[in-house]
Amino acid sequence: MNDDFRLIDGPLARRLAQETQGEALFDAASRGRYATDASIYQIMPLGVFVPKTERDVATAIDIARDLRVPLLPRGGGSSQCGQTTGAALVIDTSKHLRKVLGFDQDAMTVEVEPGIVLDALNAWLKPHGLWFPVDVSTSAQATLGGMVGNNSCGSRSIAYGNMVHNVAGIDAWLADGRLLSFGPVAGLGAAERGIADFVRGLAEQQRAEIEARWPKVMRRVGGYNLDIFAPQSERPYTADGSVNLAHLLVGAEGTLAFTRSLKLQLGRLPRAKVLGVVNFPAFHAAMDAAQHIVKLGPSAVELVDRTMIELSRANPAFRPTIDAALIAVDGKAPDAILLVEFSGDDKAALLRQLRALVELMGDRLALPGSVVEMSDEAPQKALWEVRKAGLNIMMSLKGDGKPVSFIEDCAVPLEHLAEYTDALTEVFSKHGTRGTWYAHASVGTLHVRPILDMRQSGPNGGAAKMRAIADEASALVRKYKGAYSGEHGDGLCRGEWIAWQFGPHIDQAFRAIKQHLDPAQLMNPGKIIDPPKMDDAALFRYAPGYKTIALTPAFDWSPWNVQNDPVTEATSESGSGGDSTGGLAKAVEMCNNNGHCRKFDAGTMCPSYRVTRDEQHATRGRANTLRLALSGQLGHDALTGDAVHEALALCVGCKGCKRDCPTGVDMARMKLEVQAQRRLRHGLSVKDRLIAHLPAYAALASRLPWLFNLRNQVPLLRRLGERWLGLAAERALPCFRRDTFWRAAATMKLATRAELLAAAKPVVLFIDTFNGHLESENAIAAVRVLQAAGYTVHAAQGERGQALCCGRTYLAAGMADEAKARARQLLAALLPLARRGIAIVGLEPSCLLTLRDEMLAMGLGNDAHTVAGQALLFEEFLAREAKAGRFQPALKAAGQKMLVHGHCHQKAFAAVQPVLEVLRLIPGAEPTLIESSCCGMAGSFGYEARHHAVSMQMAELSLLPAVRAAPDAMIVADGTSCRQQIADGAGRPALHVARVLADHLAEPI
Ligand SMILES: Cc1cc2nc3c(=O)[nH]c(=O)nc-3n(C[C@H](O)[C@H](O)[C@H](O)COP(=O)(O)OP(=O)(O)OC[C@H]3O[C@@H](n4cnc5c(N)ncnc54)[C@H](O)[C@@H]3O)c2cc1C
Ligand code: SF4
Ligand code: SF4
């Protein structure tokens, strides 16, 4: 790590720290987190700078110039071609530089800083009835600066064009420090006019070459936009045909200037949309039909092929949506579907267009009855989500062979689309792989990624096949007069094809532009000009010879330890993948860096990133840190070292990523593994022991509650607790009490095991530590509700009559062996009942769901699966029983509004809807779900002094404001930590759903 020290102590880091307000990140882990984007490449940057103000950017550019250090501007880092990887100072604008600077409603323009994310901008514009219509699939994480950098294109580009068609002006710094305004050439200042004259001169010199070699399709994003002075795009760059110098910077990939602000042309939000889903029996027919369908004037025509249909159907979340769009042809599922959207303000006119589509398919294209018509918004939206998730669905393939992006956005004229796709499919097959096709049929840009294993060397290795396929694909692109780079830019994987596409003369003109604007070659070197070979293995994230450390994991990661067949995509037996870490490394490597965990929408993932906006605290940053540690790139024993510890410190284990990450990266479980490894190396703190052993001493504490609760009552003890144990003095710890569930059990007519086994409506309650000892009213309420509905209720106990425990507190502390011991006790008690098919019902989501999640990774065999198969949350059980007509208690009418906060683990296991369903059984109840991420308490996380502030910030993101905004509502929350957080942050009680139901029993028992 000498290099590390040199950089940390070097003049660049020192000057940035001294002369700016931004963060200068020069340690190996921070640089490693910025060494990759969504491409196959990895290059360690010299350092990372996160500017706080635009002045910081200007200063950083000056410092870099003084020190002759190259610069690499970066937004969300979601580029697919390696644009944001480089041995440079990476400047990340996404944390602070994301303001709307100006807005002109009449002119329909907005001026923004480069770090603003598209979804955030569109949310800001929505109340004005406007939007920025370049709707990239990565809209939740792509920044406008990055979209300009790549000349990005959305699904609706046939209606709105690419970025270049929608940018009205750019203010940008050149590497020499000058801040220039790029806009319409008629209004340029002197310096900018000089640039415009220079570029015009080049365009005039190259006029014949441009005419001869420039692809005439709209989807051409390779090279620089020299054609602004000799337009070649199917769609004019400006509405009036004038020239805008800002367009020179669009698609320049940060190689010419650093964008300070952007002026964007907006569109009116269409008031209505209708969708026709055309089902094709053969893929070729779908490709052939696109050229006819576009003549009907759709705003989008998007392809989903059979593999993608099957993958979507395999995902329970997507299955109903995709099924609703399919029509069986001759009893078989379609080979491909086209999503044809019409949008505008007049719904009747759109419906006429939809009719015209139906007629076209029936009359001219001989496919009558092939269109599923969707005129309502909800099913359309759901289907677009499936389409947007396309690539990610594909990337969830386990094993070292991955779908690789390098020819995935070649654009060909529509009349050749069918021939082109057929020919390329043959190329794949010749090279022992295959591709899944999807995306923008309307503009001839179909995404396809052959499955390649970049770790394999030699003639059959990933690099060799990539080269061979690229050569043959490029020949096809040339044959059909298409564009080799049609959406995702050039970066490292397509830079070498620029000269091939445009010829040596235009390539020289590109070089002259670079020389004119960046003579010192400081801006993102190696992109567009002087690019490396795309198959230079030294630049690969997973190069041949890539190795991981030897590790015996505490948990079972074998389902990830597999290899796959590039043609059938079948995976080998669990555990056969050759992973030296038992599958942990391969699970981590499922992160493809798409950056979706940087989103801010209603989903759960990722609460800590939402608070800090630091790459380190996004799931991606964590996965990258783990990957670097597991592959020895952060030095010896890095897995248990500080860099990994810091990256995981704010992970609240909410499982938002397990649910929301398109490839299912489960950082919560990975953190448990790291905690277990760390504990082996570093032991445990007193605080960790205190929290972990709570289930062991809870019974004793309930006998001496005055003693155990003393800390809450005596301010000095609170302060000492903070100093010695790290428990936040501001927090009241959960209170122990004498009247526990277990003491009340004698009075509750609970069934014995024998009675249970003989009962007609048996149910086993798994009473966790929290509901058994600390909040017993929930468990008592659950018994009352179940008994009122005629169930025979048994509370499970261990052999010696002791309370059972799922082991979660031990897991969180890294005490994997102790957790497994607890899990075995639990299994011993529950297995005979589970085998009899009796439901095992729990109240605390994090405890009950441990049975369905972590316990399956503890090496406990099939018994764990048998128990998991019967384990249900209280609300899941009741919702199921109500649907079957077995749960029909007499309930009083609701007297209050109800606001529901879902526990993160409930969300991860799709168990929030059952809460709402069960509450709706109460006459007149209309429960509303709070759109919230994690409450921030997350077990012991929020009780820890060092996390208290972050914990409260997480709660303030949406949960606490929603609670405060409904002062009369009853708050329903099933998680014990959630209830505590709501009480601490909003001063309001929150109730478990069991208590709400019990309170509404018409005849209390
Ligand atoms: C799953 C997936 C789906 C995708 N779908 C689409 C799609 O539908 N359409 C599409 O076009 N692309 C798509 N992409 C590619 C990518 O998401 C887009 O190109 C996106 O616009 C990049 O935004 P970003 O903020 O991540 O930019 P980054 O990757 O951070 O940067 C992109 C380029 O812009 C430059 N840049 C960034 N900020 C500045 C600045 N301030 N000044 C100068 N240069 C700057 C960078 O140097 C880099 O060259 C997809 C990628 C993935 C992984
Ligand atoms: S963790 Fe998941 S969502 Fe985040 S970048 Fe990786 S794959 Fe994408
Ligand atoms: S478990 Fe939650 S906090 Fe941790 S990385 Fe996943 S989403 Fe983020």
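In this predicted model, ligand 1 is surrounded by 35 residues, of which Pro 73, Ser 78, Ser 79, Thr 143 and Cys 153 come nearest. Two of these names return when the polar contacts of the ligand are examined. A side-chain N or O atom of Ser 79 is 2.6 Å from an oxygen atom of ligand 1, and a polar side-chain atom of Thr 143 lies 2.7 Å from an oxygen atom of the ligand. The backbone takes part too, with a polar backbone atom of Gly 76 placed 2.8 Å from a ligand oxygen. Taken alone, ligand 1 exposes 980 Å², and the protein buries 97% of that area.

Which elements supply at least two residues each to the shell around ligand 1? Strand S3 (71-74), helix H6 (144-150) and strand S10 (258-265) each do so. Helix H6 gives the largest share, with five residues. In terms of residue class, the shell around ligand 1 holds 21 polar, eleven nonpolar and three charged residues.

Attention can now turn to ligand 3. Its surroundings comprise 15 residues, and those that come nearest are Cys 606, Arg 622, Cys 651, Cys 654 and Cys 657. Four helices each contribute at least two residues to this shell: H22 (607-612), H23 (619-630), H25 (656-660) and H26 (667-682). By class, nine residues of the shell around ligand 3 are nonpolar, four are polar and two are charged. The space that ligand 3 takes is the second largest cavity.

One of the residues nearest to ligand 3, Cys 606, also has a backbone feature worth a look. The peptide bond that leads from Met 605 to Cys 606 is cis, with omega near -10 degrees. Cys 606 itself belongs to the loop between helix H21 (584-588) and helix H22, and H22 is one of the elements that supply the shell around ligand 3.

Where does ligand 2 sit with respect to the cavities? The space taken by ligand 2 is the largest cavity. Around ligand 2 are Cys 591, Asn 592, Asn 593, Asn 594, Gly 595, His 596 and Cys 597, together with Thr 619, Arg 620, Cys 661, Pro 662 and Thr 663. This shell is made up of seven polar, four nonpolar and one charged residues.

Beyond the ligands, there is an open sheet to describe. Four strands form this sheet in the order S25-S24-S26-S27, with parallel pairing. Strand S25 (928-929) and strand S27 (990-991) stand at the edges with a single partner strand each, so one side of each has no neighbour in the sheet. Strand S24 (residues 898-901) pairs with strand S26 (residues 970-973) in the parallel sense, over four bridges. Within this pair, Met 898 stands opposite Met 970 in S26.

A last backbone detail concerns Met 108, a residue other than glycine whose phi is positive, near 55 degrees. Met 108 is found in the loop between strand S5 (100-104) and strand S6 (109-112).

Conventions:
Residues are numbered from 1 along each chain as its sequence is written. Chains are lettered from A and ligands numbered from 1 in the order in which they are written. This is a predicted model: local features need pLDDT of at least 70, side-chain atom pairs count only at pLDDT 80 or more; totals for chains, interfaces and linings use all residues. Side-chain values use heavy atoms; hydrogens and water are left out. A residue is near a molecule or strand if one of its heavy atoms lies within 4 Å of it. A polar contact is a pair of N or O atoms within 3.5 Å; within protein, one must be able to donate a hydrogen and the other to accept it, and residues adjacent in sequence count only if both atoms are side-chain atoms. Accessible areas come from the Shrake-Rupley method with a 1.4 Å probe; for residues, only the protein chains shown count as cover. Ala, Val, Leu, Ile, Met, Phe, Trp, Tyr, Cys and Pro count as nonpolar, Asp, Glu, Lys and Arg as charged, and the others, Gly among them, as polar. On a 1 Å grid over the protein atoms alone, a cavity is a set of points where a 1.4 Å probe fits but cannot get out, and a pocket is an open set with protein on both sides within 12 Å along at least five of seven lines; lining residues have an atom within 4 Å of a point. A molecule sits in a cavity or pocket if more than half of its atoms lie within 2 Å of its grid points. Two strands pair if DSSP finds at least two bridges between them.
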